[in-house]
Amino acid sequence: MSAPDRPAAGNRTLVVWCPDWPMVAAGIAPTVPAAAFHANRVVACTAAARAEGVVRGLRRREAQGRCPELVVERHDPVRDARAFESVVAAVAAFTPRVEVTRPGICAIATRGPSRYFGGDRALADAIRAAVDSVVAGLPAGAGWGCRVGIADGPFAAVQAARRDLIVVPGKAADFLAPLPLRLLDEPELTDLLGRLGIRTLGAFAALPAADVVGRFGAVGSVAHRRAGGIDDRSLDATEPRPDLTVEHEFESPADRVDAAAFAAKSLADDVCGSLAEAGMVCRCLRIEAETEHGERMSRVWRHHRAFTPAAVAQRVRWQLEGWLAGQQRCGCAPELGCPGGDVCPHPVGGTSGGLTLLRLVPEDVGPDEGRQAGFWGGSTEADERAARGLARIQGLLGHEAVVTAVLGGGRGPADQVRLVPWGEPRQPARPGPPGSTTGPAAAAAPAPTSRTLRHPTRADVAKPGTRVRTSGRSPSPTERPVWPGRLPHPSPAAVPVHPRPAEVVDATGTPVQVTGRSDPSRPPARLSIEGGPWADIVAWAGPWTADERWWDPADHRRRARFQVVVDDGAAYLVTLERGRWRVEAVYD
Amino acid sequence: MVGEEAVARGRLSALGHLPPPVLAGERVLPVVPALTAVFTRTPGLRRGATVVVDAEHAAPGAVSLALALVAEASAAGSWAAIVGVADLGLLAAAELGVRLERVALIPDVAPAHWVTVVGALLDAVDLVIAHPPPHLRGGDCRRLTARARERGSILIPLRPGRAWADGADLRLTVAGGRWDGVGTGEGHLTSRQLTVTLGGRGAAARPRTVELWLPAPGGGVAAADAFAGADIDRLPVSTPPLQTAG
């Protein structure tokens, strides 16, 4: 069995049990002999009636025979639930997520509240006092009370609540062992096991699990685990996400942006209104549409802070323009005019028909933490304008077309930059040295050094001519790596996405190589990029060698980087890798 | 009812197209002190201007110059966008002082969308560096220039080729550059002296030449005479006397 045999710590449950709740809800004092009946059978009764011999399941005639003064009440689950709501509210004051099993029994996960209120005992006492005061406030509530139990798993906790107990963590099985089997509430199973001579939970739990599954199947297996104090069901301690999806069906297909956008406006108000009621904000919204020809389109929009109704309506409108305008219109901005007149040379792909359905699905929903308007240096009108405009371009070109750069660690000019789509969190790809993102002031470039330095030390690894072998040890979160072998500043201003192949030769025309001691075989003399004309190299520096990710056969790279200046004044960063030269960057 | 609604919405959207009010003191975006020599009339980039950054014979340096132009304004809180420059060295941009979190990059734009995107960006951000696709129409160029003027944003066409042959308020052309700090197998690139020719309209029409350190020793931009007394004998390339900016 793959499930863990020990219950998880998050499984610990507190159960509040109000005995004879239908009688409490009916407003009957515990001293009055009374019973509630459903289908002519006793469902609940007071302690006074129980003393007279009334038990659950008894026929009415027989119950009245045992207790002639019995007050007969009709069983009304609705009334019970309504009355129980005040108890649930009292428990919800301790933790917002309360599970109601049935009127009279509710449960909470104790993991957080128990720590906050100072332990299981303190939590149980506080909740018992709170619930008792609520029950005492009900009509004829005096004399009624509640019981609170805490144990591992809801099943054991209910049994503990019946006895007003707190079961030590990990001892649920021992607690349950002597209890009768009927508590499992599996009548057929209990009956059969009873005939086999198994009458307690402990005896049932002692059976081999494989045999129980083989004989009783999945139902038996679950019951067996519960009898053993292992409750697979754990209370969900998180707030459920309400379904906030809104949609609008068009009676006639909407093929004009105006018509669809009008519907979008009311959808935007709906979705933001229901979010606001829940005290939530939405940072990511999916816009879905269907056309009369069955096409389905979906695009996700993200807001850097939170969507307002106006922002939602605007995004939907832009998106609809992107989808609908493509049918007849061109991709040129209307203000600029289309150079092609009626036949636009820049058509934009779109839908083949009008929209029949528009749906807004809030995706990334979080609590509304409010927003303090900036006094100085905060968000300004210009920021809002930029955010709107860039979101609009994302609608035109796609979410990934507009990016922003984040600097991180690395050696080459491309390694240190990560591009993230606009509006997404700016996280560097690799941790960098402290201050690596703050510009030239913090960039401590090593001073020009002469190659007469023949004995490099570990501290000098950033200087050219020293071989760097990276370590496979990943740095701890607090420690920021310094990336030895990183190229000195200034960095090249043009970094092609794909390095261009090149050739670097010495004075005799032989390709230049780099020795194992990180020395060039011969001084580089001429450079040709992509088979172009040869240019004389008037100055060069390097190599900066790096043996990167040698522990990973797939990503292992050994590179030697050179800075070269050719006779027309241009400077390049050329890289030798596996015997081939490439222009990695241009100092543009 | 729907008709009235449409009219009302039309009016609202017409209101929305009004340019936001701009204070007189904000009409000029700041540039680094070394670049103020480039601008004759204003101490920085005038809002609404079109400033072409080009290079003679594909000489390198235009990208750095364009980045240096926007660096100070970006540090002062202006938003910038860079369109159509797929091979931009962002590390160099950060070293020149550009605040990358305030720069939107649109590296690849289909030629069909280029005008639309640049037009929308002129509405959205203060500074737009844009490398045009080949065969851009003159009419599109004029429309974008007019839009920048109307919206008070600054358009910086980067290496526009034959586009914006006229109509730019200011034209910076890199004539050549010379790198320092690297010898034969020693040192590393540290700084570059860049010769920039200025042209344009109005007071800027008279051609001038300025010399800049871009990047300067230690990073950033500096005027040509900033390192006149520095120990440049160490530099391997013999340095001719520095010209005074005309």
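These legends go with a set of close-up views of a predicted model.

**View 1. Chain A as a whole.**
Before zooming in, here's the inventory: chain A carries 14 helices and 19 strands. It runs to 588 residues, and 38% of them count as buried. Take the contacts in chain A between residues at least 6 apart in sequence, and 56% of these turn out to join residues at least 24 apart.

**View 2. The open sheet of strands 3, 2 and 4 in chain A.**
Three strands of chain A line up here in the order 3-2-4, giving an open sheet with mixed pairing. Strand 3 (41-45) and strand 4 (71-74) sit at the edges, each pairing on one side only. From one strand to its neighbour, the sheet turns by 40 degrees on average, direction ignored. For the parallel part, look at strand 2 (residues 34-38) of chain A and strand 4 of chain A, which are joined by four bridges. To find your place in that pair, start at Ala34(A): its bridge partner in strand 4 of chain A is Val71(A).

**View 3. The closed barrel in chain A.**
Six strands of chain A, in the order 14-15-16-17-18-19, make a closed barrel with antiparallel pairing. Neighbouring strands are turned by 40 degrees against each other on average, again ignoring direction. Zoom in on strand 18 (residues 571-577) and strand 19 (residues 580-586) of chain A, and you'll find six bridges holding an antiparallel pair. A handy landmark is Leu573(A), which faces Ala585(A) in strand 19 of chain A.

**View 4. Where chain A touches chain B.**
Chain A puts 62 residues into this contact and chain B puts in 58. On the chain A side, at least two residues come from each of helix 14 (381-397), strand 12 (403-407), strand 13 (417-421), strand 16 (535-548), strand 17 (557-566) and strand 19. So which element of chain A gives the most to the side that touches chain B? That's helix 14 of chain A, with eleven residues. Sorted by class, this side of chain A has 41 nonpolar, 13 polar and eight charged residues.

**View 5. Helix 14 of chain A against helix 4 of chain B.**
Here helix 14 of chain A packs on helix 4 (residues 111-124) of chain B, with the axes 8 Å apart and an angle of about 165 degrees. That angle makes the two helices roughly antiparallel. The crossing of helix 14 of chain A with helix 4 of chain B is right-handed. Helix 14 of chain A makes the contact with Arg385(A), Ala386(A), Arg388(A), Gly389(A), Leu390(A), Arg392(A), Ile393(A), Leu396(A) and Leu397(A), while helix 4 of chain B brings His113(B), Thr116(B), Val117(B), Ala120(B), Leu121(B), Asp123(B) and Ala124(B). The tally for this helix pair is nine nonpolar, three polar and four charged residues.

**View 6. Helix 4 and helix 5 within chain B.**
Stay with helix 4 of chain B, but turn to its contact with helix 5 (residues 138-151) of chain B: their axes come within 9 Å and cross at roughly 10 degrees. Helix 4 and helix 5 of chain B are therefore roughly parallel. From helix 4 of chain B come Val115(B), Val118(B), Gly119(B), Leu122(B) and Asp123(B), meeting Asp140(B), Leu144(B), Arg147(B), Ala148(B) and Arg151(B) of helix 5 of chain B. By class, that contact splits into five nonpolar, one polar and four charged residues. If Asp123(B) rings a bell, it's listed in the contact with helix 14 of chain A and in this one with helix 5 of chain B.

Notes
Residues numbered from 1 in each chain as written. Chains lettered and ligands numbered in written order. Predicted model: local features only at pLDDT ≥ 70, side-chain atom pairs only at ≥ 80, totals over all residues. Pairing = 2+ DSSP bridges. Axes fitted to C-alpha atoms, helices over the stretch in contact; angles between N-to-C directions. Contact = placed C-beta atoms within 7 Å. Nonpolar A, V, L, I, M, F, W, Y, C, P; charged D, E, K, R; others polar. Buried ≥ 20, exposed ≤ 12 C-beta atoms within 10 Å, placed from the backbone. Parallel < 35°, antiparallel > 145°, perpendicular 65-115°, else oblique. Left-handed = near helix turned anticlockwise from the far one by under 90°.
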